[in-house]
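Dear colleague,

I am passing on the structure below, and I would be glad if you could look through it before reading my notes. What I found in it follows underneath, set out step by step.

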Amino acid sequence: MSWRTAHDSGDGAWPATTQRHESAGGHPTTPAIAPSPMNPILKLLPATWRAAFTELARLGRVTRGQVLLIGVLVVFTVVFESVGVAMILPLLDFVQSDGDVPALVEKSRLWRMLAGGFDSLSMPINLVTLSLLIVVLILLRQVTQYVATLTFGSLRLRVEKNLRDRLFAAALSAQASVVQNIGAGSFVELVYGQCARAASLVEMFAKLWGVFVIFAAYGAIMFANAPVPSLLAIVCIAGALASVNQYVRITRHLSEDLVAAQKQFTRRLSERYRAWRLIKLADSAAREQAVSAEQTKTLYTLALGIVRAGAKIPLVLTPLITFLVLATLYVSVEHLSITVSVLTLFVVVILRLMPVVLGFARIRQGIEERAANLRRVATAEAEVSQAPEPDSGTRVFRGLKRDITFEDVHFSYPDAGRSALAHLSVTILARRMTAIVGPSGAGKSTLVDLLPRLITPDSGAIRFDGIPAEAFTLSSLRRAIAYMPQEPVIFDDTVIENVRYLMPEATPEQVVEVCERAHADEFIREMPDGYDTRLGEGGIRLSAGQRQRIALARALLSRANILLLDEPTGALDYESEQKVKEALDEIVARGRMTVIIIAHRLSTVRDADHLIVLREGRLVQAGAPADLSRDDSYYRAMLDLGSERPAERPVPARSGR
């Protein structure tokens, strides 16, 4: 199942990941809740709730110790509260008997236990001490409730952090095809929104455990004093809860639909926001607003449906439970002859349990709602974790010394009409500038992506100085390769941090040096804060040429041995192009770097030492520019046309990049 379409039709299906105990980065994580005292309790839960609990424990790294701590805190909270409430009965007995403690001790086991406790503390039994005991119990209850609230909140935030860290690490460690299919909007919404909502299941399950303990504690108190009315009350409450099952089911289905709609909305919103210039120039704002309004209407309708289902639960439960409890009281008074003190205690307990019952119904709805978020997170984590980049190499790549050879390399993108590269055999010499040219879709970018192993060939071999690429560790190979795309990546950070992104330990002096070599120092010093100027999202405060020179400085600072450039001057004006070309000429003149350029412009190609001409994924020609200029070739066509880019033959769509 693709996690981009991870709407599981509302059947509560979970990805089969609960047995893996390693993070995306290969680090051991806390095992899912293994056999423990909690397991019998888990078995009482519905299957979908058990799956949610186990998956939350695995992904959020919840330990058995943390679960036990929460369980203990909840138990102590309920015990202090229930005992405090139960003390109302001896307090009423004391008042009714005019303080005749011996008579009360003689006829009641509870009073014998109470008297023994007071004797051990050397305290008299009177109205003040009984009231003081109730106050102390309530105070202890509030203290444990305070500690429990802090513990729940801390664990929820920790789980939220772990979910986000795990997803981000898994995505960055996944194969390029998985990363490309994620989508920026979907990924941000998943990591920020879905993880937060999924983590809130921690508090939901803690509250669920609290409900169980409260029912057990108050049930024990009531059964000890009025077994028959208590049994009648439990049957009535169970029947009332069953009457709202349909609203829980509605919540489950609406939550699944809402998660899917949120994913579609955030993906489209991110895409359209990045395309704001096109939307304005196309005068299509009204159309885009209409589509967005339709999507937000869908989100509103689904969310409102969940709210409506939640609102109907107390609407049905409150009057129904009230009627059933009053009927139970009537039967108890008229036919079971319970005492006034027991009746009072019964009323107090029922009044205490009423909000608990309503809370339990809301917890059921909340778990179903947030389980949908957790399912999406779990599905996404399973997708990216099951497609890690292969990294079985053991050798450290220490730089290219002789050449890179492609030996009968074949590569196809999934669902492509034809191969992106077919039986490619070519050599790229070290410490030379090699230009890769050809029509769009010829496979130029595919060839370049194969070098740092962003993708791996379906067949054939790529060798660095005769050694297969897969023999090297990914980290050492990629540290030796600097990449400068046509649209450079500029972060919303300062100039100096952007330049030293590949080498965070670089000194300011080293940053200035490479910026001078990239002909960027002159415009950087004219900025308001010089090298400390923030560049804005995507480098919005820079021109295209300035972004290219910042990216080039970053590549130079990395001290890589191989420099990959994707049409570095394609979108530049003449002056900016000359600045970048001067920097590249200096790099080549130093003879320390192997430069590989994807090129369409004649001005870029003519300075290359070696040309590789591709068409439809196949090698057409390779050689020195002077040699190819004499042949009927793509390069000769560029020279004859005297233009920056010759006409291209139609090429099938998306066979290469």
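The protein contains 25 helices and 10 strands. Please keep in mind while reading that this is a predicted model, with a mean pLDDT of 79 for the protein and 87% of its residues at 70 or more. Over residues 1-11, however, the pLDDT is below 50, although this stretch has 31 contacts in the model beyond near neighbours in sequence. The pLDDT also stays under 50 over residues 643-657, for which the model has 42 contacts beyond four places in sequence.

As for the protein as a whole, buried residues make up 51% of its 657 residues, and its accessible surface comes to about 31,500 Å², of which 59% belongs to carbon and sulfur atoms. If you consider the contacts with a separation of 6 or more, residues 24 or more positions apart account for 78% of them.

Now to the charged side chains. Side chains of opposite charge can pair when their charged atoms come close. A search of the whole structure finds 19 salt bridges, and I describe a few of them here.

In helix α7, K161 and D165 lie 4 residues apart, which is about one turn of the helix, and they form a salt bridge whose closest N and O atoms are 2.7 Å apart. K161 has a relative accessibility of 48%, so it counts as partly exposed, since it falls short of the over 50% needed for exposed. D165 is also partly exposed, with a relative accessible area of 39%.

A salt bridge is found between the side chains of E381 and R166 as well, at 2.9 Å from N to O. Because E381 lies in helix α15 (residues 340-385) and R166 in helix α7, this pair ties together parts that are 215 residues apart in sequence. Both E381 and R166 are buried.

The side chains of E497 and R500 meet in a salt bridge too, with 2.7 Å from N to O. Is each of these two partners buried or partly exposed? E497 is partly exposed, with a relative accessible area of 32%, whereas R500, at 16%, is buried because its value lies under the 20% limit. Returning to R166 and E381, salt bridges that share partners join these two with E55 and R58 into one network.

Helix α7 spans residues 127-173 and also holds V143, which takes part in a nonpolar surface patch of about 490 Å² made together with L139, Y146, V147 and L150. V143 has a relative accessibility of 44% and therefore counts as partly exposed.

Finally, which residues does S255 touch, once its neighbours within four places in sequence are left aside? S255 has its place in helix α12 (residues 245-274), and it is in contact with I306, E368, E369 and A372. With a relative accessible area of 2%, S255 is under the 20% limit and is therefore buried.

With best wishes

Notes: Residues numbered from 1 in each chain as written. Predicted model: local features only at pLDDT ≥ 70, side-chain atom pairs only at ≥ 80, totals over all residues. Heavy atoms only, no water. Helix = DSSP H or I, 4+ residues; strand = E, 2+ residues; numbered from the N terminus. Buried < 20%, exposed > 50% of the residue type's maximum accessible area, 1.4 Å probe, protein only. Contact = heavy atoms within 4.5 Å. Patch = residues over 30% accessible without salt bridge, like charges linked within 9 Å, V, L, I, M, F, W, Y side chains within 5 Å. Areas by Shrake-Rupley, 256 points an atom, 1.4 Å probe, with all protein chains shown as cover. Salt bridge = Lys/Arg side-chain N within 4 Å of Asp/Glu carboxyl O. pLDDT = per-residue confidence, 0-100.
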